[in-house]
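Trainee: I am new to this structure and should be grateful for a close look at a single part of it. Please choose the part, place it within the whole, and explain each term as it arises.

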Protein chains: 2
Amino acid sequence: MKPETLKDIAKELNLSISTVSRVVNGKGYVKEETRQRVLDFLATRNYVPNEIARSLKAQESMTIGIILPDLREVYFNRIIKEIDRVVSAAGYMLLIADTNESKKTERRYLDLMFQKRVDALVISTIDMDPAETPYVERYLNNGTPIIFIDNHPKLDSDQVNFVVLDNHQASRLAVQTLIDNGHRDIAVIAGYLDEPTGYERMEGYCQAMEANDLHPDPALIAIGNFKADGGYRCMEELLLQRDVHPFTAVHVASEMMTIGALRAIREHGLTVGQDIAVIGFDVHDDLGLATPTIATVRQPEEEVGQRVGLMLLQLLRPEKYGAPEETKVRVKAYLQSGSSIHKLQ
Amino acid sequence: MKPETLKDIAKELNLSISTVSRVVNGKGYVKEETRQRVLDFLATRNYVPNEIARSLKAQESMTIGIILPDLREVYFNRIIKEIDRVVSAAGYMLLIADTNESKKTERRYLDLMFQKRVDALVISTIDMDPAETPYVERYLNNGTPIIFIDNHPKLDSDQVNFVVLDNHQASRLAVQTLIDNGHRDIAVIAGYLDEPTGYERMEGYCQAMEANDLHPDPALIAIGNFKADGGYRCMEELLLQRDVHPFTAVHVASEMMTIGALRAIREHGLTVGQDIAVIGFDVHDDLGLATPTIATVRQPEEEVGQRVGLMLLQLLRPEKYGAPEETKVRVKAYLQSGSSIHKLQ
DNA sequence: CTGAAAGCGCTAACAC
DNA sequence: GTGTTAGCGCTTTCAG
């Protein structure tokens, strides 16, 4: 019933535990004859080393914790998949926790994972001042590597590693794409400006406008709540004042707000990619369900996952994977074109 | 740097390890005064018990392994989210492995998780004869509970627990919905019949037809490869022979094939929900991007996750959660309506 | 009420 | 080459 131990094997073979251990691990001198005898016997049994005991002795769990707000988000599950691929090759496994957007749950998991002594932690926190909580400090005091994804705490310790999106570049790319298609009167629907993602994307919009000698009209800047209803309301507002403040294109700076904005446009009897050009942010339609297809800037999830995976290995085993060159990285968004943008003129 | 141990604490307090252990775990007699002294001291330190050591002693890891082919699939990440919610309340954490549809990787993970001595395993295997591999047997010999999801091996041991979809009922529901809308000439695009999901869904189609005294026309049954291109080709075939074998509606028995079929219909200049009614299988468009919206039968992912979670707890701690009543469960699909079905007559 | 001691399964000096 | 031993951090008898 209970799995066999080295001791069991050793007893049956009339050998010492250490000898068996040596052949199992393939390290240390063992006479070829004995080695074979052990190997043959092992083949008939079903011995699998107990990693828990190994962990206790070696003081490393060979596990990496991942804490995130919602596993259903495409962004997260893709990243995890990549991280898994990269680190599992080095023998690490992933302990995953979904906080369901709850700070309380996030803290509980932070504790639980520390108890389990994860060798490193990847976290997309919703608790933006982790430096102040003892929860994260435990890891830091410990020297346990932490990598933040999606967002990162303001705290500027060099212990704070992250891989996040370059929001400025992303929205610049979006707006530039509209401009390249001949649009000049461009509205933006951004998220709350007190959140970095909201603020930075809005700045990106302004940067692109100014780089093209266009003046962002304050009336064409709408601020929503990152959700579909926010996008809907913002779009409504923009449309209602359209005779006074005309625009031919809009950049919506989050996925859900894009969904809402599209609905508002449709309900106003207008056609996307004809009456109004739309470029979204991180809109996922890999199945190609939307007609017209939605142009959007997107985060390179695979790249993020790979970078996080590699950074983990470098942080955990620098002697093997080299010291990480950069532990604060901002990845670039890419353009996914779609028929929601029409050429002007 | 290294986290403190009971020993460290005990030494500083001039107490024995066992006394400190008792107050940390709140079990066993400790004089109220000493208890307070320990508690006060602990508050100033930052002691977190080492779960690895606890696990070794207790012979349980408080972790549950999950092995699945692709974390990006909505079906899986929702289930995991629910399982996590349920079992984490009981102190378990999830070790997750994405095999990327590879049998070899699946086996490697099966081994790794056994090494880590997971207390239970949830698996969506792609290796349909696990009974023959020693990989799964190790767990079974061990008494380690295994729950299969999505599909299950043919092997009919009572050790094989599963929570899977009732495919017959799902396709029956789909076809019945078409019939209820007045359709009688109904085509089906099913997956390969040597896979249970392909076969059972096709049977469900036949059952619904027969229950309504309709004769499934063999020419209206197309078999594809479960992927978008398969769905596309099948739909093409059906459309090309439509004058000889007319139909007004089609049930496509997998998500990706539905996507392909929709494209084929569009490219033939026909309109879904007008010229042809379509009901898909497990089509996910929670963002509501598709127009018209796609009617589909869907798996109740949340229910599956909850059932698996509860079953795990019951299998692991029957004294606390009661013995599981049923360990082979088939959940029912539900209907998600959409404008891809038009009423006939 | 508290402490000493054994042992979970494994690794790694260190002897022989 | 192989065995003995100590010890990773914890829980849990068993003495005192």
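Mentor: Helices are DSSP runs of H or I with at least four residues, strands are DSSP runs of E with at least two, and both are numbered from the N terminus. By that reckoning chain A holds 13 helices and twelve strands. The model is a predicted one, in which local features need pLDDT of at least 70 and side-chain atom pairs count only at pLDDT 80 or more, while totals for chains, interfaces and linings use all residues. Residues are numbered from 1 along each chain as its sequence is written, and chains are lettered from A and ligands numbered from 1 in the order in which they are written.

The part I have chosen is the side of chain A that touches chain B, but the chain as a whole comes beforehand. The radius of gyration, taken over C-alpha atoms, is compared with a globule rule of 2.2 Å times the number of residues to the power 0.38. For the 345 residues of chain A that rule gives 20 Å, whereas the value is 26 Å, so the chain is more spread out than a compact globule. Along the principal axes, its C-alpha atoms fill a box of roughly 90 × 40 × 35 Å.

Burial and contact both rest on C-beta atoms placed from the backbone. A residue is buried if 20 or more other C-beta atoms lie within 10 Å of its own, exposed if 12 or fewer do, and partly exposed in between. Buried residues amount to 44% of chain A. Two residues are in contact if their C-beta atoms lie within 7 Å. Of the contacts in chain A with a separation of 6 or more, 71% link residues 24 or more positions apart.

Now to the chosen part. Contacts between the chains involve 43 residues of chain A and 43 residues of chain B. Five elements of chain A each supply at least two residues of this side: α4 (51–58), α5 (74–88), β2 (93–98), α6 (103–115) and α7 (134–142). In composition, this side has 21 nonpolar, eleven polar and eleven charged residues. In that count Ala, Val, Leu, Ile, Met, Phe, Trp, Tyr, Cys and Pro are nonpolar, Asp, Glu, Lys and Arg are charged, and the others, Gly among them, are polar.

A strand from each chain takes part in pairing here. Two strands pair if DSSP finds at least two bridges between them. β2(A) and strand β2 (residues 93–98) of chain B do so in the antiparallel sense over three bridges. In one of these pairings of residues, I96(A) has L94(B) as its bridge partner.

Helix α6 of chain A, which contributes to this side, includes Y109(A). Y109(A) counts as buried because 26 other C-beta atoms lie within 10 Å. Leaving aside residues up to four places away in sequence, Y109(A) touches I67(A), A97(A) and T99(A). Its C-alpha atom is 10.0 Å from that of L68(A), which lies 41 residues away along the chain.

How are the two copies related? Copies are superposed by least squares on the C-alpha atoms of residues with pLDDT of at least 70 in both. A turn of 180° and a shift of 0.1 Å along the axis lay chain A on chain B with an RMSD of 0.1 Å. This is the relation of a two-fold axis. Of the interface residues of chain A, 100% are also interface residues in chain B, so the copies meet through the same surface.

For context, chain A also has an open sheet of six strands with mixed pairing, in the order β7-β6-β8-β9-β10-β12. Its edge strands are β7 (221–224) and β12 (334–336) of chain A, each of which pairs on one side only. Three bridges join strand β10 (residues 295–298) of chain A to β12(A) in the antiparallel sense, and R298(A) has Y334(A) as its bridge partner there.

Finally, two details of the backbone deserve notice. Most residues other than glycine have a negative phi, and most peptide bonds are trans. T291(A) and P292(A) are nevertheless joined by a cis peptide bond with omega about -5°, and P292(A) sits in the loop between β9 and β10 of chain A. N14(B), which is not a glycine, has a positive phi of about 55° and lies in the loop between α1 (6–13) and α2 (17–25) of chain B. N14(B) is exposed, since 7 other C-beta atoms lie within 10 Å.
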